[in-house]
Amino acid sequence: MKISFHGADRNVTGSCHLVEAGDLRILVDCGLFQGGREIDEDNAADFGFDPRQVDILLLTHAHLDHCGRIPLLAQRGFTGEIIATSATRELARVVLLDSAHLQEEEAKRHARRAHRRGHPAPEPLYNTLDALNAMDLFGRKAHYGDPIQLADNLNATFHDAGHILGSASIRLEYRDGGRHKAIIFSGDLGNRDRPILRDPQAPPHAETLVMETTYGDRRHKALGPSIREFYDAINAALARGGNAIIPTFALERAQEVLYYLREGAEQGLLPERLPVFLDSPMAISATEIFRRHPECYDAETRVLFDQGTDPFALPNLRFTRESSESMALNQLAGGAVIMAGSGMCTGGRVRHHLRHNLWRRDSSIIFVGFAAPGTLARILIEGADRVRLFGDDIPVRAHLHTINGFSAHADCDELLEWQQTIKPERTILVHGEEKAMRTFADRLHGTEVVMPRQGQSLKL
């Protein structure tokens with residue numbers, strides 16, 4: 001067996017790993033790089049392998065940085081089978097179609113500028129038809145714990161990663177004569193003791209482990225104080241007469257925030273009739289998909305559904321699918337919670353809401369998720385005085401809150417415990433900033449530690 005690395009190597013986005021086992025070529029994830037404008041070139045670059053030669057793609061989950069280049073893979077010749085859990089398959093359809101739409105809109109904006117300058121119009125990275133064609137490649141559905149035969153001597157087993165709905169760690173077991181060898185891909189691991197989803201499950205032992213290190217150098221703040229800080233930030237904005245803008249990841253984070261908003265209203269910690277707007281067509285669709293997959297829920301959330309309680313519903317919750325409805329929210333002087341994507345503020349409707357609220361001293365911007373370097377969210381979190389949005393320089397006067405306890409990722413202690421449960425002989429660190437990787441590597445003992453660079457390959 002051989003593995004090569006083609007994304008999320010000493011950085012946090014673009015997960016993509018190629019395994020060669022005998023005559024079979026298996027890709028694990030094919031994600032989009034996210035960050036500043038220079039990332040566009042990385043996404044359009046060659047994959048580092050021939051997509052036409054890939055037989056199977058195993059998808060750990062539906063976040064854009066794990067699935068976002070699948071349409072491009074298909075556009076460039078991949079015709080193999082994509083295997084994922086049922087929930088991941090549904091969410092990936094929503095994510096990829098939304099991404100294709102954003103790629104098309106971005107290309108139109110660049111085309112207008114290019115036309116004014118007499119330059120040729122750029123093409124989108126991929127379009128809606130590419131995304132639909134890619135969805136046709138989804139084949140067998142994975143069920144947690146049930147092996148899937150990829151070849152006579154190779155099985156793949158998906159295990160619950162507890163990160164977002166349908167997320168999985170994947171264990172590949174290869175048989176060569178009487179020998180059995182295994183490699184595990186962690187995907188993104190979830191934070192324990194969260195509402196809605198089960199805790200991540202560690203697969204059985206494997207000789208090689210490829211694992212994420214997003215929070216390899218940090219411990220999360222306790223959940224209880226984080227929830228109180230979240231409620232305080234909202235109430236303070238309302239008391240000042242402003243709005244609370246929450247840049248929200250459409251998958252998992254939007255649903256978790258709705259869950260806590262409902263609890264806060266029910267417990268009297270937030271106004272009972274608090275106006276809440278979910279201004280993200282993708283998050284709205286994802287919430288509907290969440291309701292269809294109780295097999296992924298933890299016991300507490302299953303009880304709520306069994307009792308007839310919708311954990312994502314509030315008395316004054318409004319979904320705004322149409323652009324005109326979203327634009328109307330910019331007229332709200334104050335008193336509302338507006339949740340909009342993207343979570344890192346790299347695109348989507350939240351940028352319009354930031355444009356109309358960042359300069360207001362009475363409003364609050366509440367960050368509840370990870371922000372990669374170079375993204376607008378990270379720039380704001382690091383204390384920018386002004387930012388540029390839609391051609392305008394916007395002063396940053398709003399109150400900014402960063403609430404770390406809501407992370408959907410395992411922290412450094414949880415990552416270490418999960419790794420020690422598997423007891424690999426070799427641990428390959430990916431999907432993390434280099435500083436976080438090195439800090440986490442220093443805590444690993446009894447295992448060979450590898451931090452590959454993009455394009456590097458290893459024999460197993």
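This briefing walks through the two domains of the model, the contacts between them, and a few residue pairs worth a look. Keep in mind that the structure is a predicted model. The domain assignment splits the protein into domain 1, made of residues 2-218 plus 408-459, and domain 2, covering 223-402. Taken over C-alpha atoms, the centres of these two domains sit 27 Å apart.

**Where the domains meet**

- Contact between the domains involves 28 residues of domain 1 and 28 residues of domain 2.
- Interfaces like this are often sized by the accessible area lost when the parts come together.
- Here, about 2,600 Å² is buried between domain 1 and domain 2, and carbon and sulfur atoms account for 66% of that.
- On the domain 1 side, Leu 165, Pro 195 and Ile 196 are the trio to look at: they supply 26% of the area that domain 1 buries against domain 2, more than any other three residues.

**Polar and charged links across the interface**

- The interface of domain 1 and domain 2 has 3 salt bridges, along with 7 residue pairs in polar contact, counting pairs with both residues at pLDDT 80 or more.
- As for the make-up of the domain 1 face that touches domain 2, its residues break down into 13 nonpolar, 8 polar and 7 charged.
- If you want a salt bridge to click on, try Arg 378 with Glu 433, where the closest N and O atoms are 3.3 Å apart.

**Salt bridges in the whole structure**

- Side chains of opposite charge can pair when their charged atoms come close.
- The structure holds 32 salt bridges.
- One of them joins Glu 81 and Arg 140, with an N to O distance of 2.8 Å.
- That pair ties together distant parts of the chain, 59 residues apart: Glu 81 belongs to strand β5 (residues 81-85) and Arg 140 to strand β6 (residues 138-142).

**Around Arg 25**

- Arg 25 is part of strand β3, which runs over residues 24-28.
- Its side chain makes a polar contact with the side chain of Glu 20 at 3.1 Å.
- Leaving out residues up to four places away in sequence, Arg 25 touches Leu 18, Val 19, Glu 20, Phe 49, Gln 53, Val 54, Asp 55 and Ile 56.

**The annotated stretch**

- An unreviewed UniProt entry annotates residues 254-380 as "domain: Beta-Casp".
- Over residues 254-380 the chain is 41% helix and 12% strand.
- The end C-alpha atoms of residues 254-380 lie 20 Å apart.

Methods:
Residues numbered from 1 in each chain as written. Predicted model: local features only at pLDDT ≥ 70, side-chain atom pairs only at ≥ 80, totals over all residues. Heavy atoms only, no water. Domains from an automatic or database assignment. Contact = heavy atoms within 4.5 Å. Buried area = accessible area lost by both parts, 1.4 Å probe. Salt bridge = Lys/Arg side-chain N within 4 Å of Asp/Glu carboxyl O. Polar contact = N/O pair within 3.5 Å; in protein donor to acceptor, adjacent residues only side chain to side chain. Nonpolar A, V, L, I, M, F, W, Y, C, P; charged D, E, K, R; others polar. UniProt positions renumbered as here; feature names shortened; annotations may be inferred. Helix = DSSP H or I, 4+ residues; strand = E, 2+ residues; numbered from the N terminus.
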